[in-house]
Amino acid sequence: MTARVGVVTFPGSLDDGDAARAVRIAGAEPVRLWHGDPELYGVEAVVLPGGFSYGDYLRCGAIARFAPVMETIVDAAGGGLPVLGICNGFQILCEAHLLPGALTRNQHLHFRNRDQMLRIESAGTAWTNAFQAGQQVLIPVKNGEGCYVADRATLDELEGEGRVVARYVGGNPNGSMRDIAAITNPAGNVVGIMPHPEHAVEALTGPSLDGLGFFTSVLKHLVGTPA
Amino acid sequence: MPRVVVDVMLKPEILDPQGQAVANALPRLGVSDVASVRIGRRIEIEFTGEPDLDRAREIADKLLANPVIEDFTVRVVEADETVDAHP
C-alpha cells in the first residue's frame with residue numbers, strides 16, 4: 001500500500017506544491033492538509049513546507065504555530081509521527097517548541113538563494129536514513145531568516161546527542177551557529193531543515209536529485225526497514 | 001483607554017544585524033559617538049476592560065516574544081500619556 005504523506009498549506013505557503021510533487025516522485029501519495037482543519041486524514045507523515053506563513057508577521061512561524069492543524073501535529077509528533085519542516089516549516093517547528101533554538105535574520109541581512117552543499121551528519125532520523133553519515137548533497141537554499149541560534153548548552157546537547165542532521169559546507173549562507181542547516185528532536189522523527197530538498201528531486205528544475213533522499217527515507221522509515 | 005505596552009528586545013547575547021546595519025549607517029549622518037544600536041519591537045494592547053498586566057505577560061510570553069531569543073517588559077500607560085515622547 002502506498003504511504004500517505006500530508007503536506008500542510010498555510011496562508012502564505014509557497015512550496016507546498018513542490019513538496020507534494022517530491023512526495024509523489026518518491027513513491028508516496030501526497031495528501032494536502034489545510035491549516036484551519038485539525039484533521040490529519042490518516043496520513044503517516046507530514047511535511048511543513050517553505051514560504052511565508054501569515055506573511056511572516058511578528059516572527060517567522062510564530063502565528064502558524066497556533067493554527068488548528070498544528071495542535072494536532074504537535075500531539076501526533078509526540079507520538080512518533082514523522083514531521084519534516086522545510087525553511088518556514090523549520091521556523092514553525094522551532095516556534096512550536098518541537099525543536100530547540102530559533103531562526104533569525106541572516107547575519108549579512110541579504111536574502112540568499114543558491115545551490116548549497118550540505119554534509120549529512122546524522123543518517124539516523126526518519127527523514128535521512130537513505131543517506132550515509134558524512135555524505136555531501138547539493139540542495140537549494142533560499143531564505144532571509146535562516147540563521148540558526150541557540151544557547152551554548154543547547155548546541156552542545158544537539159552535537160552530543162547526534163541531533164545535528166546537516167551542516168553547510170563550502171560557505172555558510174546565513175551565519176547559522178556551528179554551520180547548522182538541519183536538526184532533529186531526541187526521537188529522530190521531527191526534522192527541521194533550512195535548505196529545500198523538495199527543489200532537488202528532478203533534473204529539469206533542480207541542481208541534483210539529492211533532495212529525493214529525504215522523502216524516500218520517510219517511506220523506508222514507515223515500512224520499518226532498518227536504516 | 002489605558003493601554004498595556006509590551007517592549008520586546010533581542011537578548012543581549014543574540015546578534016542584532018539590523019541594529020548593526022543602522023549603527024554602521026550613522027557615520028554617514030556625521031554621527032560618530034554611537035557605540036551600538038539594538039532594534040526591538042513595541043506592541044500596544046488595549047483591553048475591553050481594565051488593563052490586565054498578568055494577561056499581557058501571558059500574551060507576551062506565548063506569542064509576542066520568543067523567549068529563546070527575546071526578553072520582554074510590560075507596563076500600563078494612561079490613554080493621554082505618550083511613552084517616552086520626544087519633547
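Author: Helices (H or I, at least four residues) and strands (E, at least two) are DSSP runs numbered from the N terminus. The model is predicted: local features need pLDDT of at least 70 and side-chain atom pairs count only at pLDDT 80 or more, while totals for chains, interfaces and linings use all residues. Residues are numbered from 1 along each chain as its sequence is written, and chains are lettered from A and ligands numbered from 1 in the order in which they are written.

Reader: Which residue follows α1(A), and near what value is its phi?
Author: Helix α1 of chain A covers residues 16-25. The residue that follows α1(A) is G27(A), and the phi of G27(A) is positive, near 110°.

Reader: Which residues of helix α1 of chain A are buried?
Author: A residue counts as buried if 20 or more other C-beta atoms, placed from the backbone, lie within 10 Å of its own. The cover over the buried residues of α1(A) includes four strands, β1 (4-9), β2 (29-34), β3 (45-48) and β4 (83-86), together with helix α5 (212-222), in terms of contacts (C-beta atoms within 7 Å). The residues of α1(A) that are buried are D16(A), D18(A), A19(A), A20(A), A22(A) and V23(A).

Reader: How many helices and strands does chain A have, and in what order do the strands of its open sheet of nine stand?
Author: Chain A comprises five helices and eleven strands. Strands pair where DSSP finds at least two bridges between them, and in this open sheet the pairing is mixed. At the edges are β2 and β7 (136-143) of chain A, each of which pairs on one side only. The order of the nine strands in chain A is β2-β1-β3-β4-β11-β10-β9-β6-β7.

Reader: In which sense does β10(A) pair with β11(A), parallel or antiparallel?
Author: On one side, β11(A) is joined to β4(A) by four bridges, and these two strands run parallel. On the other pairing, strand β10 (residues 180-184) of chain A meets β11(A) over three bridges, and the sense is antiparallel.

Reader: Which residues stand opposite V191(A)?
Author: V191(A) belongs to strand β11 (residues 190-193), from which V191(A) and I193(A) point one way and V190(A) and G192(A) the other, with all of them buried. In β4(A), which is joined to β11(A) by bridges, the residue opposite V191(A) is L84(A). Opposite V191(A) there is also T184(A).

Reader: Which residue takes a positive phi in the hairpin of β10(A) and β11(A)?
Author: This hairpin has five residues between its strands. A positive phi near 80° is taken there by G188(A).

Reader: Why does the radius of gyration of chain A agree with a compact globule?
Author: The C-alpha trace of chain A spans about 45 × 40 × 35 Å along its principal axes, and 56% of the 227 residues are buried. Of the contacts between residues at least 6 apart in sequence, 76% join residues at least 24 apart. The globule rule (2.2 Å times the number of residues to the power 0.38, for a radius taken over C-alpha atoms) gives a value near 17 Å for 227 residues, and chain A agrees because its radius of gyration is 16 Å.

Reader: What pattern does chain B follow along the sequence?
Author: Chain B contains two helices and three strands. Read along the sequence, these elements follow the pattern β-α-β-α-β.

Reader: Which residue is the bridge partner of D7(B) in β3(B)?
Author: The three strands of chain B form an open sheet in the order β2-β1-β3, with antiparallel pairing. Its edge strands are β2 (41-45) and β3 (70-77), each pairing on one side only. Eight bridges join β3(B) to strand β1 (residues 3-10) of chain B. The partner of D7(B) in β3(B) is T73(B).

Reader: What is the radius of gyration of chain B, and what does the globule rule give for 87 residues?
Author: The C-alpha trace of chain B spans about 45 × 35 × 15 Å along its principal axes, and 14% of its 87 residues are buried. Among contacts in chain B with a separation of 6 or more, 67% are between residues 24 or more positions apart. Chain B is more spread out than a compact globule, because its radius of gyration is 16 Å, well over the rule's value of 12 Å.

Reader: How many residues of each chain are in contact with the other?
Author: On the side of chain A there are ten residues in contact with chain B. On the side of chain B the number is nine.

Note on methods. A residue is buried if 20 or more other C-beta atoms lie within 10 Å of its own, exposed if 12 or fewer, and partly exposed in between; C-beta atoms are placed from the backbone. Two residues are in contact if their C-beta atoms, placed from the backbone, lie within 7 Å.
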